[in-house]
Amino acid sequence: MDNLPPANDPEKNSQQTLHAMLAKVWERSKSTVAGHVQVLQNARALAINSHLDEASRLRAVDSAHKLAGVLGTFGLPRGTDLARTAEEAFGNPDGMSRIEMERIGAALDELSRLVKTDDPSIPSKRAGASG
């Protein structure tokens, strides 16, 4: 209870409660988020070797779409942008050019770094919360 604001500051108290709840949900969601990133990385590896089948491509589109939504919920707008980039690239049934694959590789590397954190307060920090 030492981190809670005085009881006479209900707005700040509500903010901290919300951030604590988001941090708990983030902890429970991290493995699912990492799984979606892995689906995207696997799809890119398949695409590089010209082995990306339709089912894998659609799985990648679905994972990217889910990531875009969930990362925004946790106050990670950069993650949402990166996931949308992947969703758009994998959404093209005609495949990706070599340049697009390089761009997606860089986006997925950044996305991976963004979501791989052991800091449970990452959502509240990214949302600009003050302590």
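In the predicted model, Ala83 is in contact with Ala64, Leu67 and Ala68, once its neighbours within four places in sequence are left aside. Ala83 itself is placed in helix 3, and with a relative accessibility of 0% it counts as buried, because the cut-off for that term is a relative accessible area under 20%. Its three partners, Ala64, Leu67 and Ala68, are among the buried residues of helix 2. A further residue of helix 2, Val61, is also buried, and its C-alpha atom is separated by 9.3 Å from that of Ala83, although the two residues are 22 positions apart along the chain.

The contacts of Ala83 lead to helix 2 as a whole, which comprises the 20 residues from 54 to 73. At 1.5 Å a residue, a helix of this number of residues should span 28 Å, and the distance of 29 Å between its end C-alpha atoms agrees with that expectation. The buried residues of helix 2 are Ser56, Arg57, Ala60, Val61, Ser63, Ala64, Leu67, Ala68 and Leu71. When the helix is viewed down its axis, these buried residues fall within an arc of 170°, and they therefore line one face of helix 2. The spacing of such positions can be understood from the general geometry of an α-helix, which has 3.6 residues a turn, so that residues three or four places apart point the same way. The buried residues of helix 2 pack against three other elements, namely helix 1 (10-48), helix 3 (77-91) and helix 4 (98-115).

Two polar residues illustrate this packing in detail. Ser56, which lies in helix 2, is buried with a relative accessible area of 9%, and, apart from neighbours within four places in sequence, it is in contact with Ala43 and Leu46. Arg57 is likewise found in helix 2 and is buried, with a relative accessible area of 9%. When residues up to four places away in sequence are not counted, Arg57 touches Leu52, Phe90, Gly91, Asn92 and Pro93.

The two ends of helix 2 can also be described. At the N-terminal end, Asp53 acts as a cap, with a side-chain oxygen lying 3.0 Å from the backbone nitrogen of Ala55. Just after helix 2, Gly75 takes a positive phi of about 75°.

The loop between helix 2 and helix 3 also contributes to an aromatic pair, and the count of such pairs comes to one. The pair is formed by Trp26 and Phe74 in an edge-to-face arrangement, with 5.1 Å from centre to centre and 70° between the planes. Because Trp26 lies in helix 1 whereas Phe74 lies in the loop between helix 2 and helix 3, the pair ties together parts that are 48 residues apart in sequence. Both Trp26 and Phe74 are buried.

With regard to the chain as a whole, the secondary structure comes to five helices and zero strands, and the elements run α-α-α-α-α from the N terminus on. Of the 131 residues in the chain, 36% are buried. Among the contacts with a separation of 6 or more, residues 24 or more positions apart account for 68%. The accessible surface of the chain comes to about 7800 Å², of which 53% belongs to carbon and sulfur atoms.

Note on methods: Residues are numbered from 1 along each chain as its sequence is written. This is a predicted model: local features need pLDDT of at least 70, side-chain atom pairs count only at pLDDT 80 or more; totals for chains, interfaces and linings use all residues. Side-chain values use heavy atoms; hydrogens and water are left out. Helices (H or I, at least four residues) and strands (E, at least two) are DSSP runs, numbered from the N terminus. The expected span of a helix is 1.5 Å times one less than its number of residues. Buried means under 20% relative accessible area, exposed over 50%, partly exposed in between (1.4 Å probe, protein chains only). The arc is that of the directions from the helix axis to the C-beta atoms. Contact means heavy atoms within 4.5 Å. A polar contact is a pair of N or O atoms within 3.5 Å; within protein, one must be able to donate a hydrogen and the other to accept it, and residues adjacent in sequence count only if both atoms are side-chain atoms. Rings of Phe, Tyr and Trp (its six-membered ring) pair if their centres lie within 6.5 Å; planes under 30 degrees apart count as stacked, over 60 as edge-to-face and the rest as tilted. Accessible areas come from the Shrake-Rupley method with a 1.4 Å probe; for residues, only the protein chains shown count as cover.
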